[in-house]
Amino acid sequence: MTKEMKRPTSHISGNSIKPALSKAVEFYTDNNRQAYECIRERDDYIDYLERKLNNASQQQALPVVPECVAGAIESLSEHYSAFEAISLINAKVNALPEENEDWLPVYNWLCEGIGNQNIFALAFITGKYEVEKPQLFYLREKNTGYYLRKKGNNEYGITPHYSNDYDEKYMHYKFTQSEIDSMETGSYEQIKAEKEK
C-alpha cells in the first residue's frame, strides 16, 4: 500500500526572499572586489619586476676589448665558435709566428688571464662589445719642453704648446703607444692625454 502524500505549503513569501538575495549579491560583489584587487596587485608586481629587469639589463656593461681583438672577433665569428677561435689564434701564433705577426697582440691579450678569455668568449658569442679606445700620449721634449706634432706625410714638427681640445684638427698632437714604439723618442717624455668619454 502506498502512503498518501500531501502537497507541501510554501513558507517562502516574496518578502522573505529579498534579504537572501541581497546577501548573495553582497557576497559575490565582495568576492569580485577582492579578486579584482588581487589581479591589480599582481599586475602592479609584474610591472615592477619588468622595470627592474629592464634597468638591470641596461646597467649591465658591455665587455670591452682592444681594437685588435675586435678585429679578430669580426674576422672569425662567421666561421668558428669562441673556443675554436681561441684555439686557432693560439695555433697560428705558435705554429707560424712570423706569418701571423698580426695575431700576436690578440694572442698576448688572451694570455693575460682567464678573465680576458671569458671576455673574448662573451663578446664573440653575443656579438656585443665595446672597442677600447687606445691610450694617447703627448710627447714633450725633455730639454726645451716643446711638444712633438704630426705635420702630415710622416713629417713632424715641434711647438711650445699642445691643445687639450678633442677636435680632430688637434689629434696630430696625440700619439698611440704603437706609434711611439715605432719612432725613436729618446729625448721625449710621454704625457698621458685624457681619454675621451
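## A salt bridge between strands

The side chains of E189 and R140 form a salt bridge, with N and O 2.8 Å apart. E189 belongs to strand β7 (residues 188-192) and R140 to strand β3, so this pair ties together parts that are 49 residues apart in sequence. E189 is partly exposed, at 29% relative accessible area, and R140 is partly exposed as well, at 27%. The model described here is a predicted one.

## Overall layout

The protein has six helices and seven strands. Starting from the N terminus, their order is α-β-α-α-α-α-β-β-β-β-β-α-β. Of the 197 residues, 21% are buried. The structure contains four salt bridges.

## The network in helix α1

E37, R40 and D44 are joined in a network of salt bridges. E37 pairs with R40, and the closest N and O atoms of the two are 2.4 Å apart. These two residues are three apart in helix α1 (residues 14-59), so about one helical turn separates them. R40 also meets D44 in a salt bridge, at 2.9 Å from N to O. D44 and R40 lie four residues apart in helix α1, again about one turn of the helix.

Each member of the network is partly exposed: E37 has a relative accessibility of 30%, R40 has 34% and D44 has 39%.

## E141, a buried acid

E141 is located in strand β3 (residues 136-141). The residue is buried but has no salt bridge. K142 carries the nearest side chain of opposite charge, 8.4 Å away; a salt bridge requires the nitrogen and the carboxyl oxygen to be within 4 Å, so this pair does not qualify. The side chain of E141 does reach the backbone nitrogen of N143, at 2.9 Å.

## The largest pocket

The largest pocket encloses about 410 Å³ of space. Its lining consists of 14 residues, and P66, E67, C68, P134 and S178 are the ones nearest the centre. Helices α2 (67-76), α4 (104-111) and α6 (177-181) each contribute at least two residues to the lining. Sorted by class, the lining has five nonpolar, four polar and five charged residues.

## L104 and C68

L104 lies in helix α4 and is partly exposed, with a relative accessible area of 35%. L104 and C68 are 36 residues apart along the chain, and their C-alpha atoms are separated by 9.5 Å. C68 is among the residues nearest the centre of the largest pocket.

Conventions
Residues numbered from 1 in each chain as written. Predicted model: local features only at pLDDT ≥ 70, side-chain atom pairs only at ≥ 80, totals over all residues. Heavy atoms only, no water. 1 Å grid on protein atoms, 1.4 Å probe; cavity = no way out; pocket = protein on both sides within 12 Å on 5 of 7 lines; lining within 4 Å. Points joined across faces, edges and corners; volume = space filled by probe spheres on them. Nonpolar A, V, L, I, M, F, W, Y, C, P; charged D, E, K, R; others polar. Buried < 20%, exposed > 50% of the residue type's maximum accessible area, 1.4 Å probe, protein only. Lys, Arg positive; Asp, Glu negative; His and termini not counted. Polar contact = N/O pair within 3.5 Å; in protein donor to acceptor, adjacent residues only side chain to side chain.
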